[in-house]
Structures are given as C-alpha cells and as structure tokens.
Amino acid sequence: MVAETHSSSTGFVIRVPETIYQEMAAHVLAGYPNEACGALGSVDGTVVKNYPAQNVAEHPDDFSIISERDIVRIFNDIDAYDGEMIYYHSHPISEAYPSARDREWAKRSGYLYIIFSLQYQPEPPYARVFRIDPRGEVTEGHIERLPSA
Ligand SMILES: [Zn+2]
C-alpha cells in the first residue's frame, strides 16, 4: 500500500530541447482558438524531432486528430532512428490535463501525451506530460526543458 502513494506524479522525465519546445508553443498558438496537434520523436527520453501536424477532427475546437496519412509518415520517420512517438495537442480554454476522450484514445495508443493549455492567454501556453495506462489511469511526468546548444 505504501508504494501507491509514490505513483501519481513525476514518475518519469521527458527532456525537450528549448528550440523544439518553442516550436510546439508557436504551433499551438497558431492553431488557436482550435486545438492544435502534432507528434514528437524521442530517443531515450529526449525529444529529437518535432512533427507539427494538421488537426483533422470534425470539431477542431473540441478535439484533435492527426490524419492517418500524416501518422504513417511520422511513424516511418521515427522508426528510421528507432525512436518513440509522443503525441501532443492543445487545450484552448481548459487546463492541461487529459480529458475523458483523451484518456479513451491514449489508453489504446499507448503514446505519452504532452498537453498545452492556452487558458491563461495572453500568458504563454504551459505544458504537462502524461502517461495513460490501458485502464485509463493517468500518471504525470516532468518536462525538462534543455537549453539549446
Ligand atoms: Zn485533449
């Protein structure tokens, strides 16, 4: 029982180079007031590439989906360097926490989720990272922003 108290936060760390972090922030701001989405390729917990994508959801102010064609293209690219995919998207008016629908999708895909919130505009968007297990349980990790070389 004791171990369970340690499981809810900072269970893992994702390192994001500052240039890529700023690219993502600019992408989600450009998508406002809709949700914006994209993917990242990471190697050993460090993000190495950003794939900003188009949101093809039917109601893009409410949800985000990357098109099948873009996902395949991104997957193949990440596969070429043996990376892992992280999904990111924005919440224009709500907090940076997985919605019920996010949890439904995430538990099937198994990707890590980075969520940006623009709820405090004109303050800059803020981001949080989550792992969502097959039962839909959410664990928050920590985003470490790496100064760019
Ligand atoms: Zn969401």
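**Notebook: a walk through the predicted model**

I began at Glu 104, which has its place in helix 3. The model I am reading is a predicted one. Glu 104 is partly exposed, as its relative accessible area is 37%. I then checked how far Glu 104 sits from Pro 134. Their C-alpha atoms are separated by 9.0 Å, with the two positions 30 residues apart along the chain.

**Overall layout**

Next I looked up the secondary structure. I found three helices and eight strands. Read from the N terminus, the order of elements is β-α-β-β-α-β-α-β-β-β-β. The radius of gyration is 15 Å, close to the 15 Å of the globule rule for 149 residues, so the protein is as compact as a globular protein of that length. I also noted the span of the C-alpha trace along its principal axes, about 45 × 35 × 30 Å.

I took the contacts next. Among those between residues at least 6 apart in sequence, 65% join residues at least 24 apart. Of the 149 residues, 42% count as buried.

Then I turned to the surface. The protein exposes about 8,500 Å². Carbon and sulfur atoms supply 51% of that area. For charge, I have 12 positive and 22 negative side chains. The centres of the two sets lie 2 Å apart.

**The cores**

Which residues have the most contacts inside the largest nonpolar core? I wrote down Ile 14, Val 16, Leu 40, Ile 114 and Phe 116. This core has 20 residues. At least two residues come from each of strand 1 (13-17), helix 1 (18-31), strand 4 (84-91), strand 5 (112-117) and strand 6 (126-132). Helix 1 gives the most, with five residues. In soluble globular proteins, nonpolar side chains tend to be buried together.

I followed Leu 40 outward, setting aside residues up to four places away in sequence. Leu 40 touches several residues, including Ile 20, Met 24, Val 47, Ile 78, Met 85, Ile 86 and Ile 114. Its partners also include Lys 49, Asn 50 and Glu 84. Tyr 51 and Tyr 88 are among them too.

Apart from the largest core lies another one, of 14 residues. Tyr 51, Ile 66, Ile 71 and Tyr 111 are among its members.

**Ala 25**

I stopped at Ala 25, in helix 1. Is Ala 25 buried or exposed? Ala 25 is buried: its relative accessible area is 8%, and the cut-off for buried is under 20%. Beyond its neighbours within four places in sequence, Ala 25 is in contact with Phe 116 and Pro 125. Phe 116 was already on my list for the largest core. I also took the distance to Glu 95, which is 70 residues from Ala 25 along the chain. The two C-alpha atoms are separated by 15 Å.

**Tyr 111**

Where is Tyr 111 found? I located it in the loop between helix 3 (100-109) and strand 5. Leaving out neighbours within four places in sequence, Tyr 111 is in contact with Phe 75, Met 85, Tyr 87 and Ala 106. Met 85 also touches Leu 40. I checked Pro 52 as well, 59 residues from Tyr 111 along the chain. Their C-alpha atoms are separated by 16 Å.

**Backbone oddities**

I looked for cis peptide bonds. The bond from Tyr 32 to Pro 33 is cis, with omega near 10°. Pro 33 lies in the loop between helix 1 and strand 2 (37-43). Another cis bond joins Gln 121 and Pro 122, where omega is about 5°. I placed Pro 122 in the loop between strand 5 and strand 6.

Then I looked for positive phi values outside glycine. Asp 44 has one, with phi of about 50°. Asp 44 lies in the loop between strand 2 and strand 3 (46-53). With a relative accessible area of 71%, Asp 44 is exposed.

Asp 82 is also a residue other than glycine with a positive phi, near 60°. I found Asp 82 in the loop between helix 2 (68-80) and strand 4. Its relative accessibility is 69%, and exposed begins over 50%, so Asp 82 counts as exposed.

Methods
Residues numbered from 1 in each chain as written. Predicted model: local features only at pLDDT ≥ 70, side-chain atom pairs only at ≥ 80, totals over all residues. Heavy atoms only, no water. Core = buried A, V, L, I, M, F, W, Y, C linked by side-chain atoms within 4.5 Å. Buried < 20%, exposed > 50% of the residue type's maximum accessible area, 1.4 Å probe, protein only. Helix = DSSP H or I, 4+ residues; strand = E, 2+ residues; numbered from the N terminus. Contact = heavy atoms within 4.5 Å. Rg over C-alpha atoms; globule rule 2.2 N^0.38 Å. Areas by Shrake-Rupley, 256 points an atom, 1.4 Å probe, with all protein chains shown as cover. Lys, Arg positive; Asp, Glu negative; His and termini not counted. Charge placed at Lys NZ, Arg CZ, Asp CG, Glu CD.
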